[in-house]
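Me: I should like to go through the terms used for this structure and ask what justifies each of them. Please set each value against its definition.

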Amino acid sequence: MLLPAAAPVLADDAVLRIGSKRFTESYVLGEVLAQTAAPHARTEHRQGLGNTAIVLAALKAGSIDVYPEYVGTIDQEILKHAKPAALDEIRRELAQQGLGISQPLGFNNTYALAVRGDAADLRALSDLARHKELKFGLSHEFIGRADGWQGLAQRYGISQRPSGLDHSIAYEALAQRHVDVIDIYSTDAKISQYGLRVLEDDRAYFPRYDAVLLYRLDAASRFPAAWQAMRGLEGRIAAGDMIAMNAAAEIEGKSFSAVARDWLAAQAAKTEPVSAALPHATPAKAASPGLLGKLFDDNLWSLTRQHVTLVLLSVLLACVVGIPLGVLAAYAPRLRQAVMAVVGVLQTVPSLALLAILIPLLGAIGTLPALIALFVYALLPVVRNTCTGILGVPKGLKTAALALGLKPNQRLLHIELPLALPVILAGVKTAAVMSVGTATIAAFIGAGGYGERITTGLALNDNDMLLAGALPAAALALLTQGLFELAERMVVSRRRISSQQM
């Protein structure tokens, strides 16, 4: 029996939605799943959704049906087991949440710590405690995980305090000697590329991280043919295959879909009869399209449309809610501090934390939670400037309005709001420009926008892809600021003309 939290809320049950986290291997496995299921069902790959908390929330909410996960993560992070549990026990506990777990896909991608190859006296994790001078640069998720840094430091007696470092740039930071120790996944392609030494887990701290599929139980019944096809991947992806696929994406620059397609084609060729198998030429490495090619590729317009839509709707909503709140704060001194405090506190909530909270509350990923998050961040400048503008209206004008017998609502509409308009517009401009930058977080929950390129660039440590997302966002911010400044000048000019006519 499914729990209410796992009740389907999909807008279109005919689409099999596949999720993935924000690192290369998850992107690739997501594409392998999507292409495997594609002949049997309509599929959609919602890639790069963020960390475990966000992807799991999306799965429970029914916004995705399946995603690649690891037994160790399910065991300790999701089910909170203090000690490793058997797969059957994990399966029973997940079933109570309306979720299921497949058999392992064939490889174990465990956590490990790595150092530069020239660190001759570092061979095992127990060696780290003797070197107090070492600088640790660890991913934020590894630092916070139950099976990550805290337990590891206790087990091995390591006293250094690590710095948070995104996994995508950790290898370069290690090579440049900014840090001395990083956390890695054992199937990372860059281990051999950078000539790193993986330290032996000589006290057996890390559990196994066999790759599996974590899925909604109802998905298996809604897409029986597609599910059987995906189950055909169980036991077929060897560690060497996964390392090669990661290398194809990160080092050779192939797209995730191309990497998945090549591997599936190679697997299909293995099952062909010998007489039907023909020699294939080794494909040449695809030339990188470079910055301009990535900047002006086929999806530029769709990403721009998604980004602009998020900004426009969030700022419009902030104006609809924020301007009345600002008026209330101006008219009710006793409520002013409370209103400003609430919108100020909302502004301080970290973006990813807010998204992680909104997904289970709304039961969805994509545009809706991203829109609400952007609205929250746009609210403060609109409320503050509206209140400031109203309070800045000269008292003499207010007295004259009272003498003319204008009612409070007439005074507000015909005197105070028009005079406060330039200040209000300045607040809306600030909110809009901020929203253009903040909207890049939408990609972490599948809402699109320029953030898709940024998250992909982070996953691959691809500076061209990062710039292909950052440059259009910067251009859009400049355009937005210019349009609002033009609007402000027009308002001031009209006010000047009106005053001269009077």
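Me: Why is Arg216 called buried or exposed?

Reply: This is a predicted model, in which local features need pLDDT of at least 70, side-chain atom pairs count only at pLDDT 80 or more, and totals for chains, interfaces and linings use all residues. Residues are numbered from 1 along each chain as its sequence is written, and side-chain values use heavy atoms, with hydrogens and water left out. Buried means under 20% relative accessible area, exposed over 50%, and partly exposed in between (1.4 Å probe, protein chains only). Arg216 has a relative accessible area of 1%, and is therefore buried. Arg216 belongs to strand 10 (residues 211-216); strands (E, at least two residues) and helices (H or I, at least four) are DSSP runs, numbered from the N terminus.

Me: What makes Arg130 count as buried or exposed?

Reply: The relative accessibility of Arg130 is 55%, so Arg130 counts as exposed. Its place is the loop between strand 5 (111-116) and strand 6 (136-138).

Me: Which side chain makes a polar contact with the side chain of Arg130?

Reply: That of Asp127, at 3.1 Å. A polar contact is a pair of N or O atoms within 3.5 Å; within protein, one must be able to donate a hydrogen and the other to accept it, and residues adjacent in sequence count only if both atoms are side-chain atoms.

Me: Why is Thr304 called buried or exposed, and what polar contact does the side chain of Thr304 make?

Reply: With a relative accessible area of 17%, Thr304 is buried. Thr304 sits in helix 14 (residues 300-331), and its side chain makes a polar contact of 2.7 Å with the side chain of Tyr450.

Me: Why are helix 2 and helix 16 described as roughly parallel?

Reply: The axes of helix 2 (residues 52-61) and helix 16 (residues 351-362) cross at roughly 15 degrees and come within 8 Å. Axes are lines fitted to C-alpha atoms, for helices over the stretch in contact, and angles run from 0 to 180 degrees between N-to-C directions. Angles under 35 degrees count as roughly parallel, over 145 as roughly antiparallel, 65 to 115 as roughly perpendicular and the rest as oblique. The two helices are therefore roughly parallel to each other.

Me: Which residues make the contact between helix 2 and helix 16?

Reply: Contact means heavy atoms within 4.5 Å. Helix 2 contributes Ile54, Ala57, Ala58 and Ala61, and helix 16 contributes Leu352, Ala356, Ile359 and Pro360.
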